[in-house]
Amino acid sequence: MSELKNDRYLRALLRQPVDVTPVWMMRQAGRYLPEYRATRAEAGDFMSLCKNPELACEVTLQPLRRFPLDAAILFSDILTIPDAMGLGLYFETGEGPRFQTLADNKATIENLPIPDPEQELGYVMDAVRTIRRELKGEVPLIGFSGSPWTLATYMVEGGSSKDFAKIKKMAFAEPATLHLLLDKLADSVILYLNAQIKAGAQAVQIFDTWGGALSGPAYREFSLRYMHKIVDGLIRDYDGHKVPVVLFTKGGGQWLEDIAATGCDAVGLDWTVDVKAARARVGDKVALQGNMDPSMLYAPVPRIEEEVERILGEFGHGDGHVFNLGHGIHQHADPEHAGAFINAVHELSRKYHK
Ligand code: CP3
């Protein structure tokens, strides 16, 4: 494997010394960039973009041409797995993801297949291989998946949800059925992420966007337990290099110790978490990733710089911090402000590193 020209992101996840704090942005390839909107229009729709490895590679690289980001993230979606299980994913304009078939009953769940990553999800692996080739060792490539719980919310509810009534009903009235679904998803995610690693992903992140909708005990039973199973099943060393694993539960700030105890390398933080307290709570067990409120990019540049300085100061001296937004960048964010944010992280963090 060719050596990386910039490996700050991987070093920070492994809590090794870096010159400046590395930074990337959740959803860094997306609608806030006019060049993304143009490529998506060329592809036709969002899923056609995901399923075309050359165009998926193009949109992955677009933010890296504009900004000195320290990592690239595979352009795809977490809902590729339920799509590959045969549920028929589609996107309704303005309404987010939808499925033709729901996995909201025992019979359907029992019959769900575990997708072969090099078959039904071969387009994702082709995108990973294409992106790795085109990155030419500039920065590492992040692979990703949704958490079983977060994937299950879309599969049971049929799309985005405000109260998660259907899946919570299943969790509390028919727990064995939900556990069967979550277990199949965990097995699918292990195969999927290991295939991404073999295809060239140099770190992997699990997005648990909806874990925060649960109580503590329900979070441990229905979300964390399956992320733990995935962490245990992942390839952690590949081609002579460590492959760091990052777990991100939005709204999971109360459970940082439990998340860190899964054996992951890093924990993603949303903006509601106090970084200083988080660092004290997890100690040197894991690295931390985060956590500026994405809405801060609407502020004037000096205010963004002030916020970057505040967060860097909260983390303080020492290794093990990857700067990021606490959630995805908004589609109406100004790319110039995103650029100012990234430069501020690099410039203002120098004093915290020897
Ligand atoms: O970060 C990146 O640049 C990589 C690409 C990426 C996308 N989705 C592209 C995308 C990643 C990492 C995801 C993950 C994802 N997808 C999550 C977890 C992270 C999070 O945001 O909490 C979730 C919950 C999804 C499911 C999903 N996909 C939703 C709810 C939507 C609609 C949201 C919206 O803003 O309309 C999508 C579509 C989607 N995935 C878009 C992008 C760029 C927008 C689609 C478009 O171009 O219209």
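Here are some worked exercises on the predicted model shown above.

**Exercise 1. The annotated binding site**

Task: Find which residues UniProt lists as "binding site", and work out how they are spread in sequence and in space.

Solution:
- Step 1. Start with the record: the unreviewed UniProt entry places the feature at Arg27, Gln28, Ala29, Gly30, Arg31, Asp77, Tyr154, Thr209 and His327.
- Step 2. Check the sequence: these positions are spread over 301 residues.
- Step 3. Check the space: they are spread out here too, with up to 22.6 Å between C-alpha atoms.

**Exercise 2. Three residues of one loop**

Task: Decide whether Arg27, Gln28 and Gly30 are buried or partly exposed, and list what each one touches beyond four places in sequence.

Solution:
- Step 1. Locate them. Arg27 sits in the loop between helix H1 (8-13) and helix H2 (34-43); Gln28 is in the loop between H1 and H2, and so is Gly30.
- Step 2. Count neighbours for Arg27. It has 18 other C-beta atoms within 10 Å, so it is partly exposed.
- Step 3. Do this for Gln28. There are 28 C-beta neighbours inside 10 Å, so Gln28 is buried.
- Step 4. Turn to Gly30. The cut-off for buried is 20 or more, and Gly30 counts as buried because it has 20 other C-beta atoms within 10 Å.
- Step 5. Collect the contacts. Arg27 touches Gly328 and Ile329, Gln28 touches Pro63, Leu69, Ile73 and Ile329, and Gly30 touches Tyr36, Ile329 and Gln331.
- Step 6. Add a distance. Gly30 and Gly328 are 298 residues apart in sequence, yet their C-alpha atoms are 9.5 Å apart in space.

**Exercise 3. The annotated domain segments**

Task: Work out how much helix and strand there is in residues 22-31 and in residues 142-158.

Solution:
- Step 1. Take the label from the record: the unreviewed UniProt entry gives "domain: Uroporphyrinogen decarboxylase (URO-D)" at both segments.
- Step 2. Residues 22-31 are 0% helix and 0% strand, with end C-alpha atoms 23 Å apart.
- Step 3. Residues 142-158 are 59% helix and 29% strand, with end C-alpha atoms 28 Å apart.

**Exercise 4. Helix H4 and its packing**

Task: Compare the span of H4 with the expected value, then find what its buried residues pack against.

Solution:
- Step 1. H4 covers residues 53-66, which makes 14 residues.
- Step 2. Its first and last C-alpha atoms are 21 Å apart, close to the 20 Å expected at 1.5 Å a residue.
- Step 3. Its buried residues include Ala56, Val59, Thr60 and Pro63.
- Step 4. Recall the helix geometry: with 3.6 residues a turn, residues three or four places apart point the same way.
- Step 5. The partners of the buried residues of H4 are H2, helix H3 (46-50), strand E1 (72-73) and helix H7 (122-135).

**Exercise 5. Core and ligand shell**

Task: Identify the best-connected residues of the largest nonpolar core, and describe the residues around the ligand.

Solution:
- Step 1. The core has 115 residues, and Leu74, Ala152 and Val267 have the most contacts inside it.
- Step 2. Helix H10 (residues 175-199) gives the most to this core, with twelve residues.
- Step 3. Look at Val267: its contacts include Leu247, Leu256, Val282 and Leu288.
- Step 4. Move to the ligand. Of the 20 residues around it, Ala29, Gly30, Gly96, Phe207 and Thr209 come nearest.
- Step 5. Sort the shell: ten residues are nonpolar, six polar and four charged.

How values were computed
Residues are numbered from 1 along each chain as its sequence is written. This is a predicted model: local features need pLDDT of at least 70, side-chain atom pairs count only at pLDDT 80 or more; totals for chains, interfaces and linings use all residues. UniProt positions are given in the numbering used here, feature names are shortened, and annotations may be inferred rather than shown by experiment. Helices (H or I, at least four residues) and strands (E, at least two) are DSSP runs, numbered from the N terminus. A residue is buried if 20 or more other C-beta atoms lie within 10 Å of its own, exposed if 12 or fewer, and partly exposed in between; C-beta atoms are placed from the backbone. Two residues are in contact if their C-beta atoms, placed from the backbone, lie within 7 Å. The expected span of a helix is 1.5 Å times one less than its number of residues. A nonpolar core is a set of buried Ala, Val, Leu, Ile, Met, Phe, Trp, Tyr and Cys residues joined through C-beta atoms within 7 Å. A residue is near a molecule or strand if its C-beta atom, placed from the backbone, lies within 6 Å of it. Ala, Val, Leu, Ile, Met, Phe, Trp, Tyr, Cys and Pro count as nonpolar, Asp, Glu, Lys and Arg as charged, and the others, Gly among them, as polar.
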